[in-house]
Number of protein chains: 2
Amino acid sequence: MAEAELSKLGHDVRGRASAETLSAFVESVLRAAGTETGHARSVASALTEASLRGVDSHGVRLAVHYAKVVRTGRINPNPQLKVDRTGPGTAILDADNGFGHHASFAAIDEGVALAAETGIAAVSVINSSHFGAAGCYSLRAAASGYVGFAFANSDSFVLAHDSVEPFHGTNPISFAAPVAGERPFLLDMATSTVPWNRVQDMMAKGLTLPNDVAVDSSGAITRQPAEAAALLPIGGLHFGFKGAALASMLEILSAVMTGSPHCTELLGMVGPDWSTPRRLGHFFIVIDPARFVPRPLYDAAMAAYLADIRAARARPGTSVMAPGDREWKVERERSANGIPVAEALAIAFDNLAAELAVPPLAYL
Amino acid sequence: MAEAELSKLGHDVRGRASAETLSAFVESVLRAAGTETGHARSVASALTEASLRGVDSHGVRLAVHYAKVVRTGRINPNPQLKVDRTGPGTAILDADNGFGHHASFAAIDEGVALAAETGIAAVSVINSSHFGAAGCYSLRAAASGYVGFAFANSDSFVLAHDSVEPFHGTNPISFAAPVAGERPFLLDMATSTVPWNRVQDMMAKGLTLPNDVAVDSSGAITRQPAEAAALLPIGGLHFGFKGAALASMLEILSAVMTGSPHCTELLGMVGPDWSTPRRLGHFFIVIDPARFVPRPLYDAAMAAYLADIRAARARPGTSVMAPGDREWKVERERSANGIPVAEALAIAFDNLAAELAVPPLAYL
């Protein structure tokens with residue numbers, strides 16, 4: 001379930017830009033910063049699709065960060081990807097310290113190619129970097145008619161259960177599955193209750209945090225964003241052993257299984273070291289559902305399940321949605337009306353355009 | 001993270017029995033009820049290992065239920081398992097309406113055999129029944145040196161996010177991975193915050209529920225066990241979209257992908273129909289970690305990660321544990337001292353022994 005940050009949209013929006021325009025702008029910025037065209041295009045595509053779905057935390061705003069890290073030397077702007085097939089259903093993709101997005105799309109494509117033969121495949125990515133929204137990659141599998149899992153870790157922001165200081169990252173898990181005649185089923189979630197940038201956003205707006213989502217530097221729950229020193233895993237103080245266990249699973253899949261650094265070993269995404277590659281690992285699984293149930297039965301069963309969940313009796317003032325429904329609703333709205341760009345981000349885009357001598361973003 | 005219900009152990013315990021004695025008793029009961037020996041042994045083994053780990057909700061107490069459903073005709077006592085290999089890395093195992101435990105162990109063994117060739121395998125189980133603790137099967141993969149996932153659904157007890165009535169089951173997910181020189185890493189959790197039998201147990205003890213774990217029949221949060229009509233997914237009222245999304249993923253894997261009934265279509269585990277097979281589906285994934293990282297590096301990375309999590313600065317009065325640590329601690333204690341049997345369960349065992357003319361359970 002993506003953190004669709006719809007609440008932000010009313011605040012200080014410069015204007016809306018079409019997905020095509022935004023994607024072209026991001027691509028031009030990254031190319032001007034030295035990134036090879038195909039890689040720049042993959043990043044732009046991943047960020048734009050996340051923004052379209054309302055996942056603004058992992059949307060086009062990240063272009064500012066990426067334009068920085070490709071220039072500070074952390075990211076190899078022209079990586080040579082290398083695929084090592086280690087079994088009929090397995091491969092390791094070396095991202096050569098380039099952007100994680102291009103490598104991860106390539107990993108899914110490799111997984112689909114393998115799973116077309118074996119029925120299921122797993123592809124790890126090594127020597128990678130931040131890959132944006134995990135959902136981009138599970139969805140890439142679903143777009144090919146396959147079920148996809150995407151697993152990743154990140155640097156420390158979240159308590160381990162019963163710890164009082166950051167340990168795990170907000171480690172995301174994503175799962176997508178094709179739905180006949182509709183956009184795919186999509187689970188795309190961090191294993192913390194809220195993302196770190198939600199805390200920052202609430203601080204900027206002078207808001208109080210929900211209970212049981214963040215702790216201060218002593219490990220006590222705080223509702224003051226300025227005091228927040230770490231996030232709680234899903235389940236909060238008392239039941240966070242569940243969210244923490246999921247975060248651990250993601251460390252094993254994306255770090256231990258790939259020979260990459262785990263949470264506390266990772267260099268921070270936001271420095272202080274901006275030049276050393278972070279050597280992130282990711283892990284993807286791709287499954288052909290037709291090996292388990294004939295496609296017409298799969299389609300009918302999926303439709304029946306989704307119909308049932310959407311028909312569940314709802315809390316007053318709400319409707320019960322299937323995972324992904326919220327994102328696809330935002331996608332429809334933003335495809336029609338453009339993607340809103342916050343004023344702060346618009347200023348950062350203006351500065352980037354000037355620094356890199358590319359045409360500024362055009363608004364609708 | 002299993003729901004180790006350690007708090008119960010001080011209450012009304014008849015005595016302790018050794019794991020071997022308990023397993024033999026459960027096997028003898030199920031055989032006397034008509035179950036074929038190998039299947040009875042698999043059930044006994046799964047229940048006893050869950051009890052050893054402290055997962056009493058899915059331990060030997062279930063023998064009473066299983067002895068009932070094999071006699072009421074829901075369970076086929078002498079099923080003929082059939083494996084259909086549908087690809088180099090995929091298979092469907094038809095459980096022929098027998099106990100889910102034997103079929104699920106067989107599915108993991110099939111998955112290990114396939115993954116030995118392909119590097120990764122998925123095996124679905126169809127026409128199955130309740131399989132006990134999901135962790136039994138991921139651990140079976142880990143015992144062979146593989147990483148294992150186990151996925152299942154169950155009948156409705158848990159709200160969908162924003163719904164006010166039960167929709168999903170407590171749908172469990174398990175993940176296990178080998179650890180050199182130690183018991184495996186183990187995630188084994190329901191996607192509700194607490195299990196339903198925790199609510200019943202707290203009612204029996206006159207206790208108040210934690211906040212944000214259950215709702216009454218109007219969908220409002222209640223702390224009175226007697227008023228609880230449904231459980232909340234992990235994340236509770238406000239962030240339960242994460243737990244509910246995980247529950248949805250488990251429906252897709254174990255029901256949609258296997259052509260089996262989903263949550264609201266399932267016959268209830270506790271009736272009213274006790275004779276019709278429930279046609280449960282399960283889904284398992286088995287991965288060979290050596291296809292991704294040389295085993296010595298995997299072992300070193302796992303050891304480093306686990307050492308880091310266990311060394312994390314702990315909340316006063318606690319220690320930070322890795323997933324599984326609590327279960328293996330209980331296993332050590334119970335292996336040495338026996339498994340405690342509550343008085344209520346001991347009476348049920350006495351009755352079963354008398355009805356089925358098997359020797360009663362011997363206590364230490």
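**Exercise 1. Is B:Arg16 buried, partly exposed or exposed, and what is its relative accessibility?**

Solution. A quick heads-up before we start: this is a predicted model.

Step 1. Look up the value: B:Arg16 has 27% relative accessibility.

Step 2. Hold that against the cut-offs, where buried is under 20% and exposed is over 50%. B:Arg16 therefore counts as partly exposed.

Step 3. Now check the partner. B:Arg16 makes a salt bridge with B:Glu333, and their closest N and O atoms are 3.1 Å apart. These two sit 317 residues apart, with B:Arg16 in strand β1 (residues 13–17) of chain B and B:Glu333 in helix α9 (residues 325–337) of chain B. B:Glu333 is partly exposed too, at 30% relative accessibility.

**Exercise 2. Work out which parts of chain B are tied together by B:Arg183 and B:Glu331.**

Solution.

Step 1. Find the contact: the two side chains meet in a salt bridge of 2.9 Å, N to O.

Step 2. Place each residue. B:Arg183 is in the loop between β8 (172–177) and β9 (185–190) of chain B, while B:Glu331 belongs to helix α9 of chain B, so the pair joins parts that are 148 residues apart in sequence.

Step 3. Compare their surroundings. B:Arg183 is partly exposed at 41% relative accessibility, whereas B:Glu331, at 11%, is buried.

**Exercise 3. Do the same for A:Arg140 and A:Asp109, starting from their salt bridge.**

Solution.

Step 1. The side chains of this pair come together at 2.7 Å, N to O.

Step 2. A:Arg140 is part of helix α5 (residues 135–143) of chain A and A:Asp109 is part of helix α4 (residues 100–118) of chain A, so the bridge ties together parts 31 residues apart in sequence.

Step 3. A:Arg140 is partly exposed, with 30% relative accessibility. A:Asp109 is partly exposed as well, at 35%.

Step 4. Zoom out: the whole structure has 34 salt bridges over all chains.

**Exercise 4. Describe how domain 1 and domain 2 of chain A meet.**

Solution.

Step 1. Get the layout. Chain A splits into domain 1 (3–72 + 338–356), domain 2 (82–291) and domain 3 (297–324). The C-alpha centres of domains 1 and 2 of chain A are 20 Å apart.

Step 2. Count the contacts: 26 residues of domain 1 touch 22 residues of domain 2. Together these domains bury about 2,100 Å², and carbon and sulfur atoms give 62% of that.

Step 3. Look for polar links. There are zero salt bridges between these two domains, but five residue pairs are in polar contact.

Step 4. Ask what domain 1 of chain A brings. Both α2 (37–52) and α3 (62–71) supply at least two residues to its side of the interface, and α2(A) has the largest share with eight. By class, that side has nine nonpolar, 10 polar and seven charged residues.

**Exercise 5. Now describe the contact between chain B and chain A.**

Solution.

Step 1. Each chain puts in 84 residues. The buried area is about 6,900 Å², 72% of it on carbon and sulfur atoms.

Step 2. Pick out the big contributors: B:Lys242, B:Phe292 and B:Arg315 supply 12% of what chain B buries against chain A, more than any other three residues.

Step 3. Tally the polar links. The chains share two salt bridges, one of them between B:Glu165 and A:Arg313 at 3.3 Å. There are also 28 residue pairs in polar contact.

Step 4. Finish with the chain B side. Helix α7 (residues 236–254) of chain B gives the most, 11 residues, and the side as a whole has 52 nonpolar, 21 polar and 11 charged residues.

Methods: Residues are numbered from 1 along each chain as its sequence is written. Chains are lettered from A and ligands numbered from 1 in the order in which they are written. This is a predicted model: local features need pLDDT of at least 70, side-chain atom pairs count only at pLDDT 80 or more; totals for chains, interfaces and linings use all residues. Side-chain values use heavy atoms; hydrogens and water are left out. Domain bounds come from an automatic or database domain assignment. Contact means heavy atoms within 4.5 Å. Buried area is the accessible area (1.4 Å probe) that two parts lose on being put together, summed over both. A salt bridge is a side-chain nitrogen of Lys or Arg within 4 Å of a carboxyl oxygen of Asp or Glu. A polar contact is a pair of N or O atoms within 3.5 Å; within protein, one must be able to donate a hydrogen and the other to accept it, and residues adjacent in sequence count only if both atoms are side-chain atoms. Helices (H or I, at least four residues) and strands (E, at least two) are DSSP runs, numbered from the N terminus. Ala, Val, Leu, Ile, Met, Phe, Trp, Tyr, Cys and Pro count as nonpolar, Asp, Glu, Lys and Arg as charged, and the others, Gly among them, as polar. Buried means under 20% relative accessible area, exposed over 50%, partly exposed in between (1.4 Å probe, protein chains only).
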